[in-house]
Amino acid sequence: MKNHYQFLIIGAGPAGLAAAATASKYGISCALLDEQPEPGGQIYRAIESIPEQREKLLGSEYQRGQALVDEFRASAAEYYPETRVWSLNDQKEAGVLHHGKTKMITADQILVASGAMERPVPFPGWTLPGVMQAGAGQILFKSAGVVPSDGVVLAGSGPLLLLLAWQYLHIGVEIKAMLDITPLSNYLTALPKLPKALLAHQYLTKGIAYQIDLKRAGITTKIGVSDLRAEGDGELQSIRFRHFGREQLIKTDVLLTHFGVIPHIWLTQAAGCKHQWDKSQQCWRPEHDDWGNTSIEGVMVAGDGAGIHGARSAEHAGRLVGLQALFALGVLTQAERDSQAMEDRKWMNTDRRIRPFLEAYFAIPKKMLATPDDDTIVCRCEEITSGQIRKAVKEGHEDSNQVKYFTRCGMGACQGRQCANAVAHIVDDAGGQEISAQSHYRGRPPVAPLALGQLADLYEEDAQ
Amino acid sequence: MFKQLANDEIETVTVILNGQEIQVPKGTTVAAIALSQGLRSTRTTPISNTKRAPFCMMGVCYDCLMVIDGKANQRACVTYVEQGMQVECQQGTGPSLGDAQ
Ligand code: FES
């Protein structure tokens, strides 16, 4: 690993892979760093090593990742797997942990392609062992062939839930129930956005095909579910919910929930990039222009880390950033960049036509986001409840960061990754500042765990 | 609970999970192993001493902290199994020799 690269890419998902393959064609020094042992990100996780049988079950959307990984492998870009980036600043210095050693790397251009994470939504019992996020279920299957053994309940809202149900069906995992918390009013708000979405209809037809398959197998989704609670004595034993006014209980030891995904912004936060609240996507995302440039010159974003648009779109956005990096480095002229970007921009825009519809259709109800019961834990690390947050707001702490310092909410090991979004909603609802006016939890390095000894390495290196 | 689908193509390594030697597929994470071995929880919290288990499996929730090769507070979902690795459930903050994270 060198100390300096012309183009440094963080994250080996579709955006990072496409950017690296594009930019490294021009002989610039380019490196891609990623936490996993193999390229592919979460979406194409384990694509190079997955047994054939498991790969088939994941379908063509997953297999598509192979071409992307092959192109990247054949490129001149240096690749550092199992490498953790624990800091980034506006001087374009990245703190890196590789094989147990820390190192600072600088770059002329940096792409942060950090991808998405599941939107954490607190509800009663969500900290019980046995309750996991749907993405976790997918990762377990993709990377280890591990699936629920005694049945599973899937609950929440969004395309991933349906995809996971369909995959489980084909593996032979018993699906005890599919609970859709999408409020019925969403159908109306989403309707005007449907015509545009039909221009990217492959997503809709796929969703319908999954539904039909599930229905044939006798699995019908319960729609209009509310008041979801996980219950059990120390571990999940059952779930309780309301379905058209009637309370129901299902015994299960695994519940997988999904409330959409949000950008993982801890690195762009730490770097000091400007972020904004995206009302339609119900999350914060880094501000950026059409070429992925953030508010810090030379720091770019692409893929779901820049705003949620899905894997296909991420690939196109990654190529655009690759071209932009080449332009910024003086390798391509503006005219060359623009003409080479045309195809990807066209496809990216077509692909994104589905988004306004999906965002409206799968919007998480405000009730779930902003008004968890007083005794529901919001900060999983420090075990701070919704009631404590509301109390802090009543006492005059009107912004997420103020609530954080007052209650310790968000100060635990996950650095607020699991509660930032929820706290902002609760604060807004409880009479604090409006969400769009609040500042996101300030990120501080290290944004990934670093042992004290590993930090010491760095000083030794400096001293030498 | 969870189970691992049958798969004979994969090489295995030996790890010691809570004192018990087990053969597990190479290339898997400690969290995936813990779950497929039937562990329902992998730690207790330092604050209320309640049980927790892996939640996100992608390194962002920090609920999968375990003691790995004597070091506390290791995220089991981003740690890959290695031959001879010692893995234990973590009680609270875990043994003091762990690095604070
Ligand atoms: S399960 Fe969330 S960090 Fe490991």
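**Group meeting: how chain B sits against chain A**

Okay, let's start with one pair of residues: Arg380(A) and Asp63(B) form a salt bridge, and their closest N and O atoms are 2.7 Å apart. Before I go on, keep in mind that this is a predicted model.

So how many salt bridges are there between chain B and chain A? The count is four, and the one I just showed you links Arg380(A) to Asp63(B). There are polar contacts too: 15 residue pairs across the interface of chain B and chain A, with both residues at pLDDT 80 or more.

Which parts of chain B do the touching? Have a look at strand S1 (2–4), helix H1 (30–36) and strand S5 (51–52) of chain B, since each of them supplies at least two residues of the side that touches chain A. If you sort that side of chain B by class, you get 20 nonpolar, 11 polar and eight charged residues.

Now zoom out to the whole interface. Here 39 residues of chain B are in contact with 52 residues of chain A. The two chains bury about 3900 Å² between them, and carbon and sulfur atoms give 56% of that. Three names to write down are Phe2(B), Arg40(B) and Phe55(B): together they supply 21% of the area that chain B buries against chain A, more than any other three residues.

Here's a bit I like. Strands of a sheet pair through backbone hydrogen bonds, either parallel or antiparallel. In this model, a pairing runs across the two chains: strand S9 (residues 146–148) of chain A pairs with S1(B), antiparallel, over three bridges. Find Val146(A) on your screen, and its bridge partner in S1(B) is Gln4(B).

Let's move into chain A. One open sheet there has five strands in the order S8-S16-S10-S11-S12, paired in parallel. At its edges you'll find strand S8 (131–133) and strand S12 (221–222), each pairing on one side only. Further in, strands S10 (residues 152–157) and S11 (residues 175–180) of chain A run parallel and are joined by five bridges. Leu154(A) stands opposite Met178(A) in S11(A). Helix H5 (residues 159–171) of chain A packs on this sheet and touches S10, S11 and strand S16 (255–259), with its direction at about 160° to that of S10(A).

Last stop: an open sheet of three strands in chain A, ordered S13-S14-S15, with antiparallel pairing. Its edge strands are S13 (225–231) and S15 (246–251). On average, neighbouring strands are turned by 20° against each other, direction ignored. Strand S14 (residues 238–243) pairs with S15(A) over six bridges, and Phe241(A) has Gln248(A) as its bridge partner.

Terms used
Residues numbered from 1 in each chain as written. Chains lettered and ligands numbered in written order. Predicted model: local features only at pLDDT ≥ 70, side-chain atom pairs only at ≥ 80, totals over all residues. Heavy atoms only, no water. Contact = heavy atoms within 4.5 Å. Buried area = accessible area lost by both parts, 1.4 Å probe. Salt bridge = Lys/Arg side-chain N within 4 Å of Asp/Glu carboxyl O. Polar contact = N/O pair within 3.5 Å; in protein donor to acceptor, adjacent residues only side chain to side chain. Helix = DSSP H or I, 4+ residues; strand = E, 2+ residues; numbered from the N terminus. Nonpolar A, V, L, I, M, F, W, Y, C, P; charged D, E, K, R; others polar. Pairing = 2+ DSSP bridges. Axes fitted to C-alpha atoms, helices over the stretch in contact; angles between N-to-C directions.
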